Amino acid sequence: MTNKNSNFLSFLGASAQRAILQELGITKLEDLSRYSKQDLLRLHGFGPSSLPKLESALRKLGIQLKE
């Protein structure tokens with residue numbers, strides 16, 4: 001069963017999507033501004049190659065990760 005809300009993470013691989021959705025309970029891309037790069041890299045399934053994609057998507061919305 002696919003979560004229709006996960007479409008906002010479609011630019012990420014499945015492992016990274018699962019990590020964000022299940023471990024953080026994120027429901028909107030904007031919610032990621034509460035987390036730092038280090039927070040995300042601690043998630044099982046979220047690797048360094050996902051960061052540039054995520055930061056690019058956030059930049060388009062005028063949002064950045066927590067410092």
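## Exercises on the packing around helix H3

In this predicted model, the cover over the buried residues of H3 includes H1 and helix H2 (37-41). The exercises below work outwards from that arrangement.

**Exercise 1.** Determine which residues of helix H3 (residues 50-60) are buried, and where around the axis of H3 they lie.

*Solution.* Begin with the accessibilities: within H3, the buried residues are Ser-50, Leu-51, Leu-54, Ala-57 and Leu-58. Next, look at their directions from the axis; because they cover an arc of only 135°, they are placed on the same side of H3. Then turn to the face directed away from this buried side, where the exposed residues Arg-59 and Lys-60 are found. Finally, follow the chain beyond the helix, where H3 is followed by Gly-62, a residue with a positive phi near 75°.

**Exercise 2.** Establish which residues of H1 are buried, and against which element they pack.

*Solution.* The first step is to list the buried residues of H1, which are Ala-16, Gln-17, Ala-19 and Ile-20. The second step is to view them down the helix axis: they fall within an arc of 160°, and therefore they line one face of H1. The third step is to identify the partner, since the buried residues of H1 pack against H3. Just past the end of H1, Gly-25 adopts a positive phi of about 70°.

**Exercise 3.** Decide whether Ser-50 is buried or exposed, and name its contacts beyond its neighbours within four places in sequence.

*Solution.* Locate the residue first: Ser-50 belongs to helix H3. Its relative accessibility is 8%, and because buried means under 20%, Ser-50 counts as buried. With neighbours within four places in sequence left aside, Ser-50 is in contact with Leu-12 and Ala-16, and Ala-16 is itself one of the buried residues of H1.

**Exercise 4.** Place Phe-11 relative to helix H1 (14-24), classify its exposure, and find what it touches.

*Solution.* Phe-11 is situated in the segment before helix H1. Its relative accessibility of 28% lies between the cut-offs of 20% and 50%, so Phe-11 counts as partly exposed. Not counting residues up to four places away in sequence, Phe-11 touches Leu-29, Lys-53, Leu-54 and Ala-57; of these, Leu-54 and Ala-57 are among the buried residues of H3. As a last step, compare the sequence with the space it occupies: Phe-11 and Ser-50 stand 39 residues apart in sequence, while their C-alpha atoms are 9.0 Å apart.

Notes
Residues are numbered from 1 along each chain as its sequence is written. This is a predicted model: local features need pLDDT of at least 70, side-chain atom pairs count only at pLDDT 80 or more; totals for chains, interfaces and linings use all residues. Side-chain values use heavy atoms; hydrogens and water are left out. Helices (H or I, at least four residues) and strands (E, at least two) are DSSP runs, numbered from the N terminus. Buried means under 20% relative accessible area, exposed over 50%, partly exposed in between (1.4 Å probe, protein chains only). Contact means heavy atoms within 4.5 Å. The arc is that of the directions from the helix axis to the C-beta atoms.
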